[in-house]
Amino acid sequence: SEGEALRVLHAAFDAGITLVDTADVYSLDASDLGHNEELIARALRARPGDRERILVATKGGSSHPERSRWRPDGRPEHLRAACDASLAALGRERIDLYYLHARDPQVPYAESLGALAELVTAGKVRWAGISNVGVREIEQARRLMPIRAVQNMLNPYQRAALRGALFRPSVLERCKRLGLAFVAHSPMGSWWSETLGEHP
């Protein structure tokens, strides 16, 4: 229930959590986009002292047309609208850390990254990150804009972020070398860990 969810968040705050990670598509489907962001906003409104010490990260660049199915949507206009919707759901003027959720094969990566850079320049996003990427995407992103974090799946079942190739570092190694935060998503595994292909 919502009450239980708020109690879980408050218990996490009490335990010293300083990063809350979410996304606009953490919802049942397109009918309630932003649900998780709104829940986090309510939890923080009830505890004003926690707002200053807790960094809230969210993601844009995906659509959620139906339950249990996400699709990348890296169109610049979608990303701009998604960011505005996330700002409203979170009740903020600026998002602490905003990730491009996934690369959209239908949209040039540079166009999606350009929209992300615009959001930083406009003051809507403090720090930019990228998610579900390989070393190639990290390098491309860094040529176009400053990024602060990379979020990829890493758990006992999906370990691609730890593996490199001949003369190429792993994603985790590259992040360490560049001083980028690496955030593991689904660190305990998930129902899709064994069905999704590993990230590049």
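**Entry 1: strands**

I count two strands as paired if DSSP finds at least two bridges between them. With that in hand I looked up strand β6 and strand β7 (residues 149–153) in this predicted model. I found that 3 bridges join β6 to β7, and that the two strands run parallel. I noted one of the residue pairs: S131 has Q151 in β7 as its bridge partner.

I then turned to strand β5, which spans residues 95–100. β5 pairs with β6 in the parallel sense, over 5 bridges. Here I wrote down Y99, whose bridge partner in β6 is G129. So that I would not lose track of β6, I noted its range, residues 125–131. How many of its 7 residues are buried? I found 5 of them buried, and I put β6 down as mostly covered.

**Entry 2: the helices between the strands**

I followed the chain from β5 to β6 and passed through helix α5, residues 109–121. β5, α5 and β6 together make a β-α-β unit, and I recorded it as right-handed. I did the same from β6 to β7, by way of helix α6 (residues 135–144). β6, α6 and β7 make a β-α-β unit that is also listed as right-handed.

**Entry 3: nonpolar cores**

I looked up the largest nonpolar core and found 41 residues in it. Which of them touch the most other members? My list reads Y98, I130, I138, V150 and F182. I then asked which helices and strands supply at least two residues each to this core. Among them are α1 (2–14), α2 (35–45), α4 (76–90) and α7 (171–178). β5, α5, β6 and α6, already in my notes, each supply at least two residues as well. The largest share comes from α5, with 6 residues.

I also found a second, separate core, made of 5 residues. I noted A57, L97, Y99 and V183 as being included in it.

**Entry 4: Q151**

I came back to Q151, which is found in strand β7. Is Q151 buried or exposed? Q151 has a relative accessible area of 2%, so I put it down as buried, the cut-off being under 20%.

I listed what Q151 is in contact with, leaving aside its neighbours within four places in sequence. The list is D21, K59, Y99, I130, S131, N132, V183 and H185. For two of these I looked at the side chains. The side chains of Q151 and D21 are joined by a polar contact of 3.0 Å. A polar contact of 3.3 Å joins the side chain of Q151 to that of K59. I also checked Q151 against L100: the two are 51 residues apart in sequence, and their C-alpha atoms are 9.6 Å apart in space.

**Entry 5: H101 and N132**

I found H101 in the loop between β5 and α5. H101 is buried, at a relative accessible area of 5%. Not counting residues up to four places away in sequence, H101 touches ten residues that I copied out: A23, V25, Y26, K59, G60, G61, S62, W70, S131 and N132.

N132 led me to the loop between β6 and α6. Its relative accessible area is 18%, and N132 is therefore buried, as the limit is under 20%. I noted that N132 has a positive phi of about 60 degrees although it is not a glycine. I marked this because most residues other than glycine have a negative phi.

**Entry 6: N155 and S186**

I found N155 in the loop between β7 and α7. N155 is buried, with a relative accessible area of 3%. What does its side chain reach at 2.8 Å? It reaches the backbone oxygen of S186. A polar atom of the N155 side chain also lies 2.7 Å from the backbone nitrogen of Y157.

I went on to S186, which lies in the segment after β8 (181–185). S186 counts as buried, at 14% relative accessibility. S186 also has a positive phi, of about 55 degrees, and is not a glycine.

**Entry 7: confidence**

Last, I looked up the confidence values. The chain averages a pLDDT of 91, and 92% of the residues score at least 70. Over residues 193–200 I found pLDDT staying under 50. For that stretch the model has 23 contacts beyond four places in sequence. I leave those contacts unlisted, because predicted coordinates should not be read in detail where pLDDT is low.

Technical notes
Residues are numbered from 1 along each chain as its sequence is written. This is a predicted model: local features need pLDDT of at least 70, side-chain atom pairs count only at pLDDT 80 or more; totals for chains, interfaces and linings use all residues. Side-chain values use heavy atoms; hydrogens and water are left out. Buried means under 20% relative accessible area, exposed over 50%, partly exposed in between (1.4 Å probe, protein chains only). Helices (H or I, at least four residues) and strands (E, at least two) are DSSP runs, numbered from the N terminus. A crossover is right-handed if, with the strands pointing away from the viewer, the path from the first strand over the helix to the second runs clockwise. A nonpolar core is a set of buried Ala, Val, Leu, Ile, Met, Phe, Trp, Tyr and Cys residues joined through side-chain atoms within 4.5 Å. Contact means heavy atoms within 4.5 Å. A polar contact is a pair of N or O atoms within 3.5 Å; within protein, one must be able to donate a hydrogen and the other to accept it, and residues adjacent in sequence count only if both atoms are side-chain atoms. pLDDT is the predictor's confidence in each residue, from 0 to 100.
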